[in-house]
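Here is a friendly walk through one protein model, meant to be read with the structure open beside you. We start with a pair of helices and then move to single residues.

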Amino acid sequence: AQHSAGRDVKAAETYAQALEQRPDYVELINQFALLRSQQGRVGEAIELWNRAVRLEPDNLTIRLNLGRTLAGIARHAEALEHFDAALRSEPRNADALIGSGFALLGIARFEEGVARLEAGLQRDPDYARNMPVVIRALRERGEVDLAARLEAAYQRAVSRR
């Protein structure tokens, strides 16, 4: 409740105290990591999520949160590991497909990245809003064929929204 109310300092204290009592409570760890991430304490958030992964390696939510956070600080190869783990749990998960697509692009595996983005758009057309900048970037890199493929997937997604 403190976290939701924006009482971040008090929420952090409460989370830390609760984790002393229940150090293996994964959802509590996840919520504390989300708070730390929102506070800009990304390193602490990553440590917390890594702790949660050790406790529940197949937890989809933890893997997605960790992947997004790592991608957000350009640690794309590490992010990809977590998105791939999420996909092993739920192979058609749009969040994991899109996240892994961006991570693959971040490590210059463009063909694979576009394929994942296409699959993610097919699962959830709401991700289309993110694609024009990617299409433009692919064109600027000279990846014209891949840009055209992603543009076609984008157009299909837009027409389904």
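At what angle do helix 7 and helix 9 pack, and how far apart are their axes? In this predicted model, helix 7 (residues 110-123) and helix 9 (residues 144-160) pack at about 10 degrees, with 9 Å between their axes. Angles under 35 degrees count as roughly parallel, so helix 7 is roughly parallel to helix 9.

On the helix 7 side, the contact is built from Phe110, Glu111, Val114, Ala115, Leu117, Glu118, Leu121, Gln122 and Arg123. Helix 9 contributes Leu146, Arg149, Leu150, Ala153, Tyr154, Ala157 and Arg160. Sorted by character, the residues of this contact are 10 nonpolar, 1 polar and 5 charged.

**The protein as a whole**

The secondary structure comes to 9 helices and 0 strands, and along the sequence the pattern reads α-α-α-α-α-α-α-α-α. The C-alpha atoms fill a box of roughly 55 × 30 × 25 Å along the principal axes. Of the 161 residues, 42% count as buried. The accessible surface is about 8700 Å², and carbon and sulfur atoms hold 47% of that surface. Among contacts with a separation of 6 or more, 46% come from residues 24 or more positions apart.

**Helix 8 and its buried side**

Which residues of helix 8 (residues 131-140) are buried? They are Met131, Val134, Ile135 and Leu138. These residues cover an arc of only 100 degrees around the axis, so they sit on the same side of helix 8. An α-helix has 3.6 residues a turn, so residues three or four places apart point the same way. The cover over the buried residues of helix 8 includes helix 6 (94-106), helix 7 and helix 9.

Leu138 is a good residue to click on in helix 8. Its relative accessible area is 3%, so Leu138 is buried. Leaving aside neighbours within four places in sequence, Leu138 is in contact with Leu105, Phe110, Val114, Glu143, Val144, Leu146, Ala147 and Leu150. One of these partners, Leu150, is 12 residues from Leu138 in sequence and 9.3 Å from it in space, C-alpha to C-alpha. Phe110, Val114, Leu146 and Leu150 are also among the residues that make the contact between helix 7 and helix 9. Just after helix 8, Gly142 takes a positive phi of about 85 degrees.

**Three more buried residues**

Ala153 lies in helix 9. Why does Ala153 count as buried? Buried means under 20% relative accessible area, and Ala153 has 4%. With neighbours within four places in sequence left out, Ala153 is in contact with Glu118 and Leu121. Ala153 and Ala119 are 34 residues apart in sequence, and their C-alpha atoms are 8.6 Å apart in space.

Ser100 has its place in helix 6 and counts as buried, at 0% relative accessibility. Beyond its neighbours within four places in sequence, Ser100 is in contact with Leu80, Phe83, Asp84, Leu87 and Arg116.

Pro125 is found in the loop between helix 7 and helix 8. At 15% relative accessibility, Pro125 counts as buried. Setting aside neighbours within four places in sequence, Pro125 is in contact with Ala157, Arg160 and Arg161. Pro125 and Leu64 are 61 residues apart in sequence and 19 Å apart in space, C-alpha to C-alpha.

**Two alanines with a positive phi**

Most residues other than glycine have a negative phi. Which phi does Ala74 have, positive or negative? Ala74 has a positive phi of about 60 degrees although it is not a glycine, and Ala108, also not a glycine, has a positive phi of about 65 degrees. The table sets out where these alanines lie and how accessible they are.

| Residue | Loop | Relative accessible area |
|---|---|---|
| Ala74 | between helix 4 (60-72) and helix 5 (76-89) | 53%, exposed |
| Ala108 | between helix 6 and helix 7 | 48%, partly exposed |

Exposed means over 50% relative accessible area, so Ala74 at 53% is exposed, whereas Ala108 at 48% is partly exposed.

Note on methods. Residues are numbered from 1 along each chain as its sequence is written. This is a predicted model: local features need pLDDT of at least 70, side-chain atom pairs count only at pLDDT 80 or more; totals for chains, interfaces and linings use all residues. Side-chain values use heavy atoms; hydrogens and water are left out. Axes are lines fitted to C-alpha atoms, for helices over the stretch in contact, and angles run from 0 to 180 degrees between N-to-C directions. Helices (H or I, at least four residues) and strands (E, at least two) are DSSP runs, numbered from the N terminus. Angles under 35 degrees count as roughly parallel, over 145 as roughly antiparallel, 65 to 115 as roughly perpendicular and the rest as oblique. Contact means heavy atoms within 4.5 Å. Ala, Val, Leu, Ile, Met, Phe, Trp, Tyr, Cys and Pro count as nonpolar, Asp, Glu, Lys and Arg as charged, and the others, Gly among them, as polar. Buried means under 20% relative accessible area, exposed over 50%, partly exposed in between (1.4 Å probe, protein chains only). Accessible areas come from the Shrake-Rupley method with a 1.4 Å probe; for residues, only the protein chains shown count as cover. The arc is that of the directions from the helix axis to the C-beta atoms.
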